[in-house]
Amino acid sequence: MDSVYRTIEAHGERSLNLLERLCRQPSISAEGLGLDQMAELVATVMREYGLAAELLPTAGGPPLVYAEIAGRSEHTLLFYNHYDVQPVDPLHEWTSPPFTPTRRDGKLFARGVSDNKGDLAVRLEAIAALREVNGELPLTIKFVVDGEEESGSRTFPAAVRSYRDRLAADVCISEGSGLGVDKTPVLVLGVKGMLYVELSTSAAIVDAHSAYAAVVPNPSWRLVGALATLKHPDGRVALEGFYDRVRPFGPQERAALEAMPDQAEELRRALGLEAFLDDLTGYPWRERLYGAPTCNICGLEAGYTGPGLKTVLPAKARAKVDFRLVPDQTPQEVLAQLRAHLDRHGFNDVAIEPIAAHERPTRTPIDDPWVQTAAAAAEEFYDRRPMIIPNAAGTAPMDVLMDEVTGSLFFAPGGAGYEGSRIHAPDEHIRISDLTDAIKVTALLLTRFGERA
Ligand SMILES: [Zn+2]
C-alpha cells in the first residue's frame with residue numbers, strides 16, 4: 001500500500017481543492033436551493049475522476065447521481081452518499097460564510113464539508129490513487145448519491161426500487177463514519193427505523209370563549225389523555241405487542257457495546273442534566289440508547305401559547321410523535337398497534353396521520369464477512385481496535401437498500417469528519433490532517449475488499 005499512500009499524500013492539495021469545489025455550490029434540500037446544479041456538479045466531477053456518471057430522475061424530488069467504474073474482482077461495492085446539506089441558519093454564528101470554503105487553524109470550514117461532501121471527495125480521491133498506482137480498481141464500485149437525505153430522503157426509496165438492477169451490489173457502505181475519541185475508527189452496522197405521526201383531536205368547529213368550558217368539550221384534554229396512555233409509568237411503551245419483535249443483542253453485539261468508551265457522562269454535562277432516565281450510566285446506558293425502541297413527543301400544540309393570557313377553548317389539538325424502531329419492528333406494524341391501542345383506551349376520536357417516509361431498522365450482523373474485512377482494514381490502518389456500534393441510535397433510509405440491492409450494509413471508516421465537526425451546526429468543519437488518512441483508509445478498505453475471493 002506504500003506507493004498508494006505516497007500518491008495520496010502527493011495529491012493532498014488536489015483533494016482539498018476538490019472538496020472546496022463541492023462545498024462552494026449551495027445545495028440545501030429543505031429550501032430546494034441549488035440541487036440541480038449540485039447534481040450536475042457531482043456528475044461532472046465523477047466523470048473527471050473516470051467514472052461513468054448520470055443523473056437518474058426521481059418522482060418529484062431532486063435527481064439521484066449514479067456512477068460506476070469497473071474493477072478486477074467479481075464483487076461490487078455500492079457507496080451511498082448525499083449531495084444535499086442542512087440549512088445554514090443561524091447565519092450570524094458562522095465565522096466565515098458557509099458556502100465560501102475557508103481554511104483556518106488547520107481546519108476547513110464550510111456547510112457540507114463533513115456531512116457529506118467530504119466523504120464523497122475522500123472516496124473519489126481513493127479511487128484516483130488506486131487507479132494511478134495499479135492501473136485498475138480492486139473491485140467494481142458504484143455510487144448512489146441522494147439529493148434529499150437531510151430532508152428525509154422522501155423520493156429515495158421509490159427511486160432505488162426502480163433502479164434496483166443498476167444499483168445491485170455485494171456490499172454497501174453508507175456515509176463514512178467519522179473518527180471517535182483518540183482517533184478510534186468506528187463501524188456502525190445499522191440504523192433505527194422510524195414511524196412519525198401527527199395525532200390530532202377536534203371538537204367544536206371554531207375556537208370558543210373559555211367560559212364555555214363548563215359545557216363544551218376541549219380537544220386538548222382528549223389529546224393529553226391519549227398521549228398519557230402511550231407509556232407505562234416505568235417508561236416502557238404501552239402499545240400491545242410493541243416489544244414482541246425486538247431482536248435482543250447477541251453475545252458479539254453485547255461484547256462490542258461493552259468495549260465502547262463511556263460517552264454518557266460527557267453527554268450528560270453537555271445537556272446540563274442532573275441524571276439520565278432511570279439513572280442510567282455505563283453499559284446499561286449504551287444498551288438502552290442503541291437497543292431500545294422509543295416513543296417520543298416531538299411537539300404539542302393547542303389553543304393559545306403566546307405572552308399574557310387569552311381565555312380560549314381550542315377547537316383542535318395536535319401532537320407530533322416519533323417512534324424509533326429497532327430490528328425487527330416495522331413502522332406499519334407499530335402504526336397498527338398505535339391505532340388499536342388508542343381504540344382500546346376509548347380514544348377512537350384521536351386521528352393518526354403518518355408523516356413522511358416510514359423507515360425500517362436495519363442491522364448487519366457483526367460476523368458478516370464484509371464487516372469483518374472492513375474492521376480488520378480499519379485496525380490495520382489505525383493500529384487500534386475499531387469501535388463497533390451494532391446499530392446507530394439515529395435513523396437513515398437504509399432499509400430500501402437492504403431490501404433491494406444488497407445483503408450487507410454498514411458505515412465504515414473513511415469519513416472526513418470527527419466527533420467535533422459540528423455537522424448540521426454553524427462552523428461545520430473538518431481537520432485538514434484527517435483528510436489524507438480518510439483517503440488512505442478508504443483505499444486500504446477497497447483493496448482488502450478486492451482481495452476477498
Ligand atoms: Zn446530515
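The following questions and answers walk through a predicted model, from its metal site to its cores, spaces and backbone.

Reader: How should residue numbers and values be read here?
Author: This is a predicted model, in which local features need pLDDT of at least 70, side-chain atom pairs count only at pLDDT 80 or more, and totals for chains, interfaces and linings use all residues. Side-chain values use heavy atoms, with hydrogens and water left out, and residues are numbered along each chain as its sequence is written, starting from 1.

Reader: Which protein residues are the donors of the zinc ion?
Author: Donors are N, O and S atoms within 2.8 Å of the metal (3.2 Å for Na, K and Ca), and since water is not among the atoms, sites may look incomplete. The protein donors lie 1.9 to 2.6 Å from the zinc ion, and Glu150 is listed twice, each time through OE. With OD of one residue and NE2 of another added, the donor residues are Asp115, Glu150 and His424.

Reader: What is the geometry of the site of the zinc ion?
Author: Four donors count as tetrahedral if all angles lie between 85 and 135 degrees; four count as square planar and six as octahedral if opposite donors are over 155 degrees apart and all others between 65 and 115; anything else is irregular. The angles among the four donor atoms here run from 54 to 140°, and the site is irregular.

Reader: How many residues apart in sequence are the parts that Glu150 and His424 tie together?
Author: Along the chain the donors follow the spacing D-x34-E-x273-H. Helices (H or I, at least four residues) and strands (E, at least two) are DSSP runs numbered from the N terminus. Glu150 lies in the loop between strand E6 (140-146) and helix H5 (156-162), and His424 in the loop between strand E20 (413-418) and strand E21 (429-431), so the pair ties together parts whose separation in sequence is 274 residues.

Reader: Is Glu150 buried or exposed?
Author: Buried means under 20% relative accessible area, exposed over 50%, and partly exposed in between (1.4 Å probe, protein chains only). His424 has a relative accessible area of 39% and is partly exposed. Glu150 has a value of 15%, so this residue is buried.

Reader: Which residues have the most contacts inside the largest nonpolar core?
Author: A nonpolar core is a set of buried Ala, Val, Leu, Ile, Met, Phe, Trp, Tyr and Cys residues joined through side-chain atoms within 4.5 Å. The largest has 71 residues, and apart from it lies another core, of 30 residues, among them Leu167 and Val400. In the largest core, the residues with the most contacts are Met46, Phe143, Phe410 and Phe449.

Reader: Which residues does Arg452 contact, leaving aside neighbours within four places in sequence?
Author: Arg452 is found in the segment after helix H14 (432-451), and at 23% relative accessibility this residue counts as partly exposed. With contact meaning heavy atoms within 4.5 Å, the residues that Arg452 touches are His75, Pro369, Trp370 and Thr373.

Reader: Which element supplies the largest share of the lining of the second largest pocket?
Author: A grid of 1 Å is laid over the protein atoms alone; a pocket is an open set of points with protein on both sides within 12 Å along at least five of seven lines, a cavity is a set where a 1.4 Å probe fits but cannot get out, and lining residues have an atom within 4 Å of a point. About 960 Å³ of space lies in this pocket, which is lined by 31 residues. Helix H10 (282-291), strand E13 (294-302) and strand E15 (316-325) each supply at least two lining residues, and the largest share, five residues, comes from H10.

Reader: What is the volume of the largest cavity?
Author: Grid points are joined across faces, edges and corners, and a volume is the space filled by probe spheres set on the points. The lining of the largest cavity includes Phe79, Arg123 and Ile173, and its largest share, three residues, comes from E20. The volume of the largest cavity is about 40 Å³.

Reader: What is omega for the cis peptide bond from Asp115 to Asn116?
Author: Asn116 is placed in the loop between strand E5 (107-109) and helix H4 (117-134), and Asp115 is one of the donor residues of the zinc ion. The peptide bond joining the two is cis, with omega near 15°.
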